[in-house]
Amino acid sequence: MDTYFDIRRFGRLMRYDLVANSRHLAFLLIAVSVGLYALLFLNFYKAFTVTYSVGEMESRVGDIASFFLLVLFVFSVYSPSLVCSRLSDKAASTAYWLLPASPLEKFLVRFLLSAFGAVGLVVCAMLMADALFMLTCLAAGLPGVTSVSLAVVGLLGDTLGAFARRELPPGPGGWWLLVVLWLTFAMSRALSLLCGVVFRRRALLLTVLLSVVVSMGYAAMGGDWIGALYWSAYGSPVSWLSLSLLAVTVCCYLLAYRLFCRIQIVGRKWISL
């Protein structure tokens, strides 16, 4: 198989991956939707027996919207670790590696589906749970029914609008701080992708556990993430940390691709190299 990239072959491979895992994706969509609906119902269950004012309902909607946005952000960081999801089965893995596509095309398909497709699935589940909950509230005649999805969009718009209005610390360091924050997010996703290729089996769980252990170890040594970001932005006009984050991000993507090209069939082990 040629190693170059062909857009038509890439599209066929993307379609094959989606069709082959359609039942699994549908099950996940329904399961996540039901879970989020249950969370919404438990958060508002008193409203079905106690009369809430419109202000109280809007306050509760704002709180759950903040929680949903936080969950979506955290999941977007760890979702690239699902790059080898559904390839732990020997038959499925063998069928996938024998497909007529180049390693680059296979890697890009799996990366796009895990890094963006999984996040899109969660967003769709949120919309479905929100729509079902609004219908429940309307059927019960609750006042002040507000879409949680619209509240999430509004909260996200307010957050991004703060950066657009340049509500940053004064001086050039404020812009460096914004660059460092975006690069930190990109590096976190790149590290999750690398962990997904290395672990493969239970990759999401192991990646989360590894990040927790590293964060706890860094905090135990007296490290301060927020202080490091501010120091990098204001301590140097070049911001060496920004260059370091960019270099680590690029290296993680290249290493993940190299390891992805080398792996074949997943055995019964936690780490696959």
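Reader: Before I look at arginine 110, what does it take for two residues to count as being in contact?

Author: Contact means that heavy atoms of the two residues lie within 4.5 Å. Please keep in mind that this is a predicted model. With that cut-off, and leaving out residues up to four places away in sequence, arginine 110 touches Asp17, Asn21, Leu82, Val83, Cys84, Ser85, Arg86, Leu87, Tyr96 and Phe260.

Reader: Where is arginine 110 placed, and is arginine 110 buried or exposed?

Author: Arginine 110 sits in helix H5. A residue is called buried when its relative accessible area is under 20%, and arginine 110 is therefore counted as buried, since its relative accessibility is 6%. Its side chain also reaches the backbone oxygen of valine 83, at 2.8 Å.

Reader: Which residues does phenylalanine 260, one of those partners, touch in its turn?

Author: Again not counting residues up to four places away in sequence, phenylalanine 260 touches Cys84, Tyr96, Trp97, Pro103, Lys106, Phe107, Arg110 and Val197.

Reader: How should I read a nonpolar core, and which residues have the most contacts inside the largest one?

Author: The general idea is that, in soluble globular proteins, nonpolar side chains tend to be buried together. In this structure the largest nonpolar core has 29 residues, and those with the most contacts inside it are Tyr96, Val109, Val197 and Phe260. The elements giving two or more residues to this core are helix H1 (7-20), helix H4 (90-97), helix H5 (103-140), helix H7 (173-199), helix H8 (203-220) and helix H10 (240-262). The largest share, seven residues, comes from H7. Apart from this core lies another, of 20 residues, which includes Met57, Val119, Val122 and Ala125.

Reader: What can be said of leucine 112, which is also in helix H5?

Author: Leucine 112 has a relative accessible area of 31%, so it is described as partly exposed. Leaving aside neighbours within four places in sequence, leucine 112 is in contact with Phe10, Met14 and Gly117. Leucine 112 and valine 83 are 29 residues apart in sequence, while their C-alpha atoms are 8.4 Å apart in space.

Reader: Which residues form a nonpolar patch on the surface?

Author: Such a patch is formed by Leu39, Phe67 and Val71, which together have about 210 Å² of accessible area. Leucine 39 belongs to helix H2 (residues 22-43), and with a relative accessible area of 30% leucine 39 is partly exposed.

Notes. Residues are numbered from 1 along each chain as its sequence is written. This is a predicted model: local features need pLDDT of at least 70, side-chain atom pairs count only at pLDDT 80 or more; totals for chains, interfaces and linings use all residues. Side-chain values use heavy atoms; hydrogens and water are left out. Patches are made of residues with over 30% relative accessible area and no salt bridge: like charges are joined within 9 Å, nonpolar side chains (Val, Leu, Ile, Met, Phe, Trp, Tyr) within 5 Å. Accessible areas come from the Shrake-Rupley method with a 1.4 Å probe; for residues, only the protein chains shown count as cover. A salt bridge is a side-chain nitrogen of Lys or Arg within 4 Å of a carboxyl oxygen of Asp or Glu. Helices (H or I, at least four residues) and strands (E, at least two) are DSSP runs, numbered from the N terminus. Buried means under 20% relative accessible area, exposed over 50%, partly exposed in between (1.4 Å probe, protein chains only). A nonpolar core is a set of buried Ala, Val, Leu, Ile, Met, Phe, Trp, Tyr and Cys residues joined through side-chain atoms within 4.5 Å. A polar contact is a pair of N or O atoms within 3.5 Å; within protein, one must be able to donate a hydrogen and the other to accept it, and residues adjacent in sequence count only if both atoms are side-chain atoms.
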